[in-house]
Amino acid sequence: QTTNLNLAKSIARQIRASSGGFPAVKALGLPLESRGLVQVSTNLTDFEKTPPHVVYAEVSRLAAAHGVQIAESELIGLMPRRAIEMAAVDLLKLSDFDSQRVLENRIQSLRSPPHSVS
């Protein structure tokens, strides 16, 4: 946690696509006045090009290099299930992962009637 707005802006600059960072990432360093902190706010325009967990890991790494830890993260809106699956595969180092191993995916596929070809 920090109140250093310059650090948040620097991290945002390093990760956003327009500054040569990750593809499909928009980012800003902003004050979070209600908490007395700063934040790196991101918008991922294509989670398959740059998944959320990759951005989170890089922000965490860059902050840690300045002795700062992330206090928390926040999701505004919705996140595709595939993005969560991608994070699980990467962070848990799952080999030969199949999305049908996710309980809800399996149930959905069993409930869905087979597609008929006309």
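Select A24 to begin: with a relative accessibility of 16%, A24 counts as buried (buried means under 20% relative accessible area, exposed over 50%, and partly exposed in between, using a 1.4 Å probe and protein chains only). You will find A24 in the loop between α1 and β1. Look at its backbone too, since A24 has a positive phi of about 65° although it is not a glycine.

Before moving on, here is how to read this tour. The model is predicted, so local features need pLDDT of at least 70 and side-chain atom pairs count only at pLDDT 80 or more, while totals for chains, interfaces and linings use all residues. Residues are numbered from 1 along each chain as its sequence is written, and side-chain values use heavy atoms, with hydrogens and water left out. Names such as α1 and β1 come from DSSP runs, with helices (H or I) of at least four residues and strands (E) of at least two, numbered from the N terminus.

**Stop 1: the hairpin**

Now select residues 25–32, strand β1, together with residues 37–44, strand β2. These two strands pair in the antiparallel sense over 8 bridges (strands pair if DSSP finds at least two bridges between them). To see who faces whom, show G29, which stands opposite V40 in β2. Then show P31, whose opposite number in β2 is V38.

Which residue of the hairpin takes a positive phi near 70°? Select G36 to see the answer: G36 has that phi, in a hairpin with 4 residues between the strands.

Stay in β1 and click on L28. Is L28 buried or partly exposed? L28 is partly exposed, because its relative accessible area is 49%. Leaving aside neighbours within four places in sequence, L28 is in contact with A12, R16, Q39, V40 and S41 (contact means heavy atoms within 4.5 Å). For a distance to try in your viewer, pick the C-alpha atoms of L28 and V54: they are separated by 17 Å, and the two residues are 26 apart along the chain.

While you have the strands on screen, keep one general point in mind. In a regular strand the side chains alternate between the two faces of the sheet.

**Stop 2: two packed helices**

Next, select helix α1 (residues 5–15) and helix α2 (residues 52–64). They pack at an angle of about 135°, with their axes 10 Å apart. (Axes are lines fitted to C-alpha atoms, for helices over the stretch in contact, and angles run from 0 to 180 degrees between N-to-C directions.) That angle makes α1 oblique to α2, because angles under 35 degrees count as roughly parallel, over 145 as roughly antiparallel, 65 to 115 as roughly perpendicular and the rest as oblique.

Which residues make the contact? On α1, show I11, Q14 and I15; on α2, show V55, E58, V59, L62 and A63. Colour them by type and you have 6 nonpolar, 1 polar and 1 charged. (Ala, Val, Leu, Ile, Met, Phe, Trp, Tyr, Cys and Pro count as nonpolar, Asp, Glu, Lys and Arg as charged, and the others, Gly among them, as polar.)

Zoom in on A63 in helix α2. A63 counts as buried, because its relative accessibility is 7%. Not counting residues up to four places away in sequence, A63 touches I11 and V68. The C-alpha atoms of A63 and S10 are separated by 9.8 Å, although these residues are 53 apart along the chain.

**Stop 3: around α3**

Move to α3 (81–91). Its buried residues are A83, E85, M86 and A87, and they pack against α2 and α4.

What does E85 touch? Not counting residues up to four places away in sequence, E85 touches F97, S99, V102 and N105. E85 is buried, with a relative accessible area of 7%.

Just after α3, select K93, which takes a positive phi of about 55°. Then go on to D96, in the loop between α3 and α4 (103–111). The phi of D96 is near 50°, a positive value in a residue other than glycine. D96 is exposed, because its relative accessible area is 75%.

**Last stop: α4**

Finish with Q108 in helix α4. At 46% relative accessibility, Q108 counts as partly exposed. For one final distance, pick the C-alpha atoms of Q108 and F47: they are separated by 23 Å, with the residues 61 apart along the chain.
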